[in-house]
Amino acid sequence: MTIIQPREELRSYVRYYWVLKSDEPFSVLTFPIGCPQIIFYKKTPLYIPELYKSQSQFTISGQVNFPAHILSDGSLEIIVAVFYPHTIGMFIDTPPSAFYNLEISGYDIENRTLNEVAQRIFDCENAKECIDILEDYLLSKIRRSLNICRIDTSVSTLLRAPSTHVNALADIACLSKRQYERVFRDTVGMNPKEYARIVRFQKALWLIQQGESNYAGISAECGYSDQSHFIRNFKELSGYTPETLIKHCTPYSDLFTNPV
């Protein structure tokens with residue numbers, strides 16, 4: 001896998017890109033990562049057995065609250081743009097709430113310009129040039145709004161302190177609780193309370209990834225009410241307790257790890 005850093009002008013909106021070519025079949029368990037993605041397949045798309053379907057050649061992956069496997073038949077060439085939790089809507093002119101818990105075809109949102117970008121990427125042989133094509137499009141779409149700024153600040157707060165109450169987040173955003181929940185859902189793709197569950201889970205994954213094994217300490221640092229609450233939430237979002245997950249695979253937090 002190759003990780004590519006965005007251009008400087010896009011680093012507030014795109015976390016990173018990754019490119020992978022593989023001739024070997026594989027199956028990988030994935031977790032909710034809290035970041036939407038745009039995916040381009042040059043060869044066979046990945047199959048998701050939990051959804052009983054393969055991804056589209058041009059896929060938009062939304063916020064999800066469940067674990068899932070991804071299966072490759074051994075003919076994989078993929079380019080992925082990973083966005084910050086609150087920024088993808090700006091680039092596709094579609095609220096992320098429209099594809100909550102879904103893997104949708106990018107063609108379904110009927111964005112003609114983006115469809116043309118996808119076709120140019122499929123016709124391009126060089127991965128770096130493919131990303132240049134995508135970035136030219138993304139740069140043309142930057143329109144930083146007040147709501148983007150509000151949610152940016154509150155998401156940053158959640159990442160630092162996952163136990164922050166929705167009322168406090170709304171105050172930070174200078175919105176009423178009801179307004180804040182609506183803007184957050186439209187911008188991020190799920191409500192703030194549910195997204196906080198993803199953040200706590202991902203932070204716990206990161207601590208385990210760093211070698212932490214004191215579950216009481218993890219639950220306290222991640223904002224869980226107690227250890228049983230932590231283990232229950234962890235199992236809901238990964239399919240495993242922390243102890244059994246370690247035996248199944250190496251824990252890795254997408255949200256709290258910067259691969260660039």
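Leu71 has a relative accessibility of 31%, so it counts as partly exposed. In this predicted model, Leu71 sits in strand E8, which spans residues 68–72. Together with Tyr47 and Tyr52, Leu71 makes up a nonpolar surface patch whose accessible area is about 330 Å² in total.

Helix H9 covers residues 227–238 and contains 12 residues. From its first C-alpha to its last, H9 reaches 16 Å, close to the 16 Å expected at 1.5 Å a residue. Phe230, Asn233, Phe234, Leu237 and Ser238 are the buried residues of H9. Viewed down the axis of H9, these residues fall within an arc of 115 degrees, so they line one face of the helix. Among the elements that cover them are strand E3 (26–30) and three helices: H7 (192–209), H8 (215–221) and H10 (242–248). Gly239, just after H9, takes a positive phi of about 90 degrees.

Positive phi values also occur outside glycine. Most residues other than glycine have a negative phi. Asp93 has a positive phi near 55 degrees, and Glu110 has a positive phi of about 55 degrees. The table lists where each residue lies and its accessibility.

| Residue | Phi | Loop | Relative accessibility |
|---|---|---|---|
| Asp93 | near 55 degrees | between helix H1 (88–92) and strand E10 (103–105) | 52% |
| Glu110 | about 55 degrees | between E10 and helix H2 (112–123) | 70% |

Asp93 counts as exposed because its relative accessibility is 52%, with the cut-off for exposed being over 50%. Glu110, at 70%, therefore counts as exposed.

Methods: Residues numbered from 1 in each chain as written. Predicted model: local features only at pLDDT ≥ 70, side-chain atom pairs only at ≥ 80, totals over all residues. Heavy atoms only, no water. Patch = residues over 30% accessible without salt bridge, like charges linked within 9 Å, V, L, I, M, F, W, Y side chains within 5 Å. Areas by Shrake-Rupley, 256 points an atom, 1.4 Å probe, with all protein chains shown as cover. Salt bridge = Lys/Arg side-chain N within 4 Å of Asp/Glu carboxyl O. Helix = DSSP H or I, 4+ residues; strand = E, 2+ residues; numbered from the N terminus. Buried < 20%, exposed > 50% of the residue type's maximum accessible area, 1.4 Å probe, protein only. Expected span 1.5 Å × (residues − 1). Arc of directions from axis to C-beta. Contact = heavy atoms within 4.5 Å.
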